[in-house]
Amino acid sequence: MELLKKKIREEGMVLSDSVLKVDSFINHGVDPQLMDAIGEEFAGRFGGQGITKVLTIESSGIAPGLMAALKLRVPLIFARKRQSLTQSEGLITSKVYSFTKREENTISISGKYIQRGDKVLIIDDFLANGQAAFGLIDLVEKAGADIAGIGIVIEKSFQDGGAILRQKGFRVESLAEIESLEAGRIAFKEDQASELNRS
Ligand code: 5GP
């Protein structure tokens, strides 16, 4: 998705060989126009498959998840990382190790909101080692619902989450795929392919 890649090139900051900071438009500040386009893109890729719910994880998955849900005309559910006092009955939980925070969280949803018969699209901001996606998949499976696919805003394809998910047969659609963050440079997958084509 060109608009997203342009934004990443212009505003993304490489923090290390494995971490990209996109605080100005995804993880702290949120660009509504870009999110609108991201929702449209996910709806275009996953539309027409009978999706009944979008599931994401708080907090940075909520903006792209909400826009995808709006365009698909279905409800959004976000898994919580901390249990709230108002959320106690029929909880479905899973454990997720956070790549950026280096801590384990128990994530949860109420069984009221995802049930047998639902077809769920999972959305998240980043895909690295796949821990968040596997946690969300676990929640959907425990609820007895089906998974239509996994939509990711930024996949770092040098980490193995995407490969493992695809190997397991999940449809993973990423709007920007980063092949490398080495030497402070953001290299997109397609850029490398076109560089090879030119040489
Ligand atoms: P995974 O669970 O696939 O290992 O990592 C994905 C989760 O970690 C995402 O929900 C995202 O919040 C966070 N994450 C992973 N890598 C990055 C990164 O390079 N930059 C940012 N901002 N978040 C990341």
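## Helix packing, sheet order and backbone outliers

In this predicted model, residues L3, L4 and K7 of helix 1 meet L34, A37 and I38 of helix 3. Sorted by class, the contact of helix 1 with helix 3 has five nonpolar residues, one charged residue and no polar ones. Helix 1 covers residues 2-11 and helix 3 covers residues 32-46. Their axes are 10 Å apart and the packing angle is about 140°. Helix 1 is therefore oblique to helix 3, since only angles over 145 degrees count as roughly antiparallel. The crossing of helix 1 and helix 3 is left-handed.

The sheet is open and has six strands in the order 4-3-7-8-9-10, with mixed pairing. Strand 4 (76-79) and strand 10 (187-188) stand at the edges; each has a single partner strand, so one side of each lacks a neighbour in the sheet. At the strand 10 edge, the pairing with strand 9 (residues 172-180) is antiparallel and runs over two bridges. I178 has F188, in strand 10, as its bridge partner.

Helix 4 (residues 62-72) lies across four strands of this model: strand 3 (53-57), strand 4, strand 7 (119-127) and strand 8 (146-156). Relative to strand 3, helix 4 runs at about 175°, and an angle over 145 degrees counts as roughly antiparallel.

The loops on either side of helix 4 each hold a backbone feature. S59 is placed in the loop between strand 3 and helix 4, and the peptide bond from E58 to S59 is cis, with omega near -5°. R73 lies in the loop between helix 4 and strand 4, and its phi is positive, near 60°. Most peptide bonds are trans, and most residues other than glycine have a negative phi.

A positive phi also occurs at R102, which is not a glycine. R102 lies in the loop between strand 5 (91-97) and strand 6 (104-110). The table sets out the two arginines.

| Residue | Phi | Loop | Relative accessibility |
|---|---|---|---|
| R73 | near 60° | helix 4 to strand 4 | 71% |
| R102 | about 55° | strand 5 to strand 6 | 53% |

Exposed means over 50% relative accessible area. R73 counts as exposed because its relative accessibility is 71%, and R102 is exposed with a relative accessible area of 53%.

Methods. Residues are numbered from 1 along each chain as its sequence is written. This is a predicted model: local features need pLDDT of at least 70, side-chain atom pairs count only at pLDDT 80 or more; totals for chains, interfaces and linings use all residues. Side-chain values use heavy atoms; hydrogens and water are left out. Axes are lines fitted to C-alpha atoms, for helices over the stretch in contact, and angles run from 0 to 180 degrees between N-to-C directions. Angles under 35 degrees count as roughly parallel, over 145 as roughly antiparallel, 65 to 115 as roughly perpendicular and the rest as oblique. A crossing is left-handed if the near helix is turned anticlockwise from the far one by less than a right angle, and right-handed if clockwise. Contact means heavy atoms within 4.5 Å. Ala, Val, Leu, Ile, Met, Phe, Trp, Tyr, Cys and Pro count as nonpolar, Asp, Glu, Lys and Arg as charged, and the others, Gly among them, as polar. Two strands pair if DSSP finds at least two bridges between them. Buried means under 20% relative accessible area, exposed over 50%, partly exposed in between (1.4 Å probe, protein chains only).
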